[in-house]
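The following note sets out, point by point, what may be read from the structure shown below. It is written for a colleague who has the coordinates open and wishes to check each remark in turn.

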Amino acid sequence: MNPKGQKVKLNDGHFIPVLGFGTYAPPEVAKRDALEFTPFAIEVGFRHIDCAHAYQNEEQIGQAIQSKIADGTVKREDIFCTSKLWCTSFRPELVRPALEKSLKRLQLEYVDLYIMHYPLALKPGEELYPKDENGKLIADSVDLCRTWEALEKCKDAGLAKSIGVSNFNHKQLEKILNKPGLKYKPVCNQVECHPYLNQRKLLDFCKSHDIVLVAYSALGSQRVKGWVNLNHPVLLEDPVLSAIAQKHKKTPALVALRYQIQRGVVVLAKGNNKEWIKENMQVFDFELTPEDMKAIDGLDRNIRYCDFQLRVSRGTKIFKSIILERQC
């Protein structure tokens, strides 16, 4: 079990572990890393596994989970597995088939959480990033409220215990929340969140609507060229984090993770190093003081590591305006 059994109650009555294992990796190593590190993460105590169709390693994640069920380390109900609906499957009639394909790859009868990966529909097809002859992403005119209704049906069918969103700002969340005939509110909003981008306004908005904020890139993100702005400072080298870490005899990474948990945020920790994965479980062994929390709050610089402008054509204004708008 999670060392402290720490979970957060979602607005639909289910519970999500406050610490999750993130499985994104660069494409050239995504499958290998999933097979190597996911079983180890489960062995050392992780019970929340975050994956996505777009990571292209669901099959390997499924093999890893099944191996730990087979050897008796866990039962299926011990694992909280998240997957994400990719943007090319936002048409309502494509939502359930996409989820069913993910379930088949994961070798699961249901996911604990299924979320819309971004607030933008892309042209359906096999390509993750469909582009025109000028290299611009091809958007699809889909009302995200209709996509949400299809997610609600997946929940009713038992294919997903809970449903949520990712990378939504408060206006996009309000569109879902104010939808006539809304059956289920999003249980979460997964966004980039760390001391340099603490998302205070968005966190307050989500809390006011009983929506859990889930933090990715909580340690400042892997330095992946094409996804991450390499000109930004390295979060874990910040002197304030380092001083607080030294005081508690922990690492800056653990301080950054603990900061999120104490502010009521579910935090994802990626791992491509077994020593770091094991170390991340120590987040439950200490507590930051109010002074520590205030000092870390003061580090907010509105720095977004996941600079999607590096990934898409500069002509794709709709994508940038939706994804890169400060999420508050």
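**Notes on helix packing and selected residues**

1. Helices α2 and α3 are oblique to each other. Their axes pack at an angle of about 45° and lie 7 Å apart. On the α2 side the contact is formed by E58, E59, I61, G62 and Q66, and on the α3 side by S102, R105 and L106. Sorted by class, this contact of α2 with α3 comprises 2 nonpolar, 3 polar and 3 charged residues. It should be kept in mind throughout that the model is predicted.

2. A second helix pair deserves the same attention. Helix α1 (residues 30-44) and helix α2 (residues 58-70) have axes that come within 8 Å and cross at roughly 30°. Because angles under 35 degrees count as roughly parallel, α1 is described as roughly parallel to α2. The handedness of the crossing of α1 and α2 is right-handed.

3. Which residues of α1 and α2 meet? From α1 the participants are K31, A34, L35, T38, P39, I42 and E43, and from α2 they are Q60, I61, Q63, A64, I65, S67 and K68. The residues in this contact of α1 with α2 divide into 7 nonpolar, 4 polar and 3 charged. I61 of α2 appears in the contact with α1 and also in the contact with α3.

4. The position carrying an annotation is Y55. The unreviewed UniProt entry gives the annotation "active site" for Y55. In the model, Y55 is placed in the loop between β4 (48-50) and α2. Is Y55 buried or exposed? Its relative accessible area is 14%, and Y55 is therefore buried, since the cut-off for buried is under 20%. Leaving aside residues up to four places away in sequence, Y55 touches T23, Y24, A30, D50, K84 and H117. Among these partners, A30 belongs to the residue range of α1, and D50 to that of β4.

5. Where in the chain is K104? K104 sits in helix α3 (residues 92-106). With 71% relative accessibility, K104 counts as exposed. The C-alpha atoms of K104 and E58 are separated by 9.1 Å, although the two residues are 46 residues apart along the chain. E58 is also one of the α2 residues in the contact with α3.

6. P27 may be considered alongside K104. P27 is found in the loop between β3 (19-22) and α1. At 65% relative accessibility, P27 counts as exposed. A separation of 8.8 Å is computed between the C-alpha atoms of P27 and N57, which are 30 residues apart along the chain.

7. L268 provides a buried counterpart in a strand. L268 lies in strand β10 (residues 266-270) and is buried, with a relative accessible area of 7%. Its C-alpha atom is separated by 7.3 Å from that of V214, 54 residues apart along the chain. Not counting residues up to four places away in sequence, L268 touches G20, H48, D50, Q190, V214, A215, Y216, A218 and L257. D50 is thus among the residues that L268 touches and among those that Y55 touches.

8. Two backbone conformations should be inspected. Q107 has a positive phi of about 60° although it is not a glycine. Q107 lies in the loop between α3 and β6 (111-116) and, at 43% relative accessibility, counts as partly exposed. Q199 likewise has a positive phi, of about 55°, and is not a glycine. Q199 is located in the loop between β8 (188-192) and α6 (200-208). With a relative accessible area of 2%, Q199 is buried.

9. The chain as a whole remains to be described. Its secondary structure comes to 11 helices and 10 strands. Of the 328 residues in the chain, 57% are buried. Among contacts between residues at least 6 apart in sequence, 76% join residues at least 24 apart. The pair L268 and V214 is one such contact, as L268 touches V214 and the two are 54 residues apart along the chain.

Definitions and conventions: Residues numbered from 1 in each chain as written. Predicted model: local features only at pLDDT ≥ 70, side-chain atom pairs only at ≥ 80, totals over all residues. Heavy atoms only, no water. Axes fitted to C-alpha atoms, helices over the stretch in contact; angles between N-to-C directions. Helix = DSSP H or I, 4+ residues; strand = E, 2+ residues; numbered from the N terminus. Parallel < 35°, antiparallel > 145°, perpendicular 65-115°, else oblique. Left-handed = near helix turned anticlockwise from the far one by under 90°. Contact = heavy atoms within 4.5 Å. Nonpolar A, V, L, I, M, F, W, Y, C, P; charged D, E, K, R; others polar. UniProt positions renumbered as here; feature names shortened; annotations may be inferred. Buried < 20%, exposed > 50% of the residue type's maximum accessible area, 1.4 Å probe, protein only.
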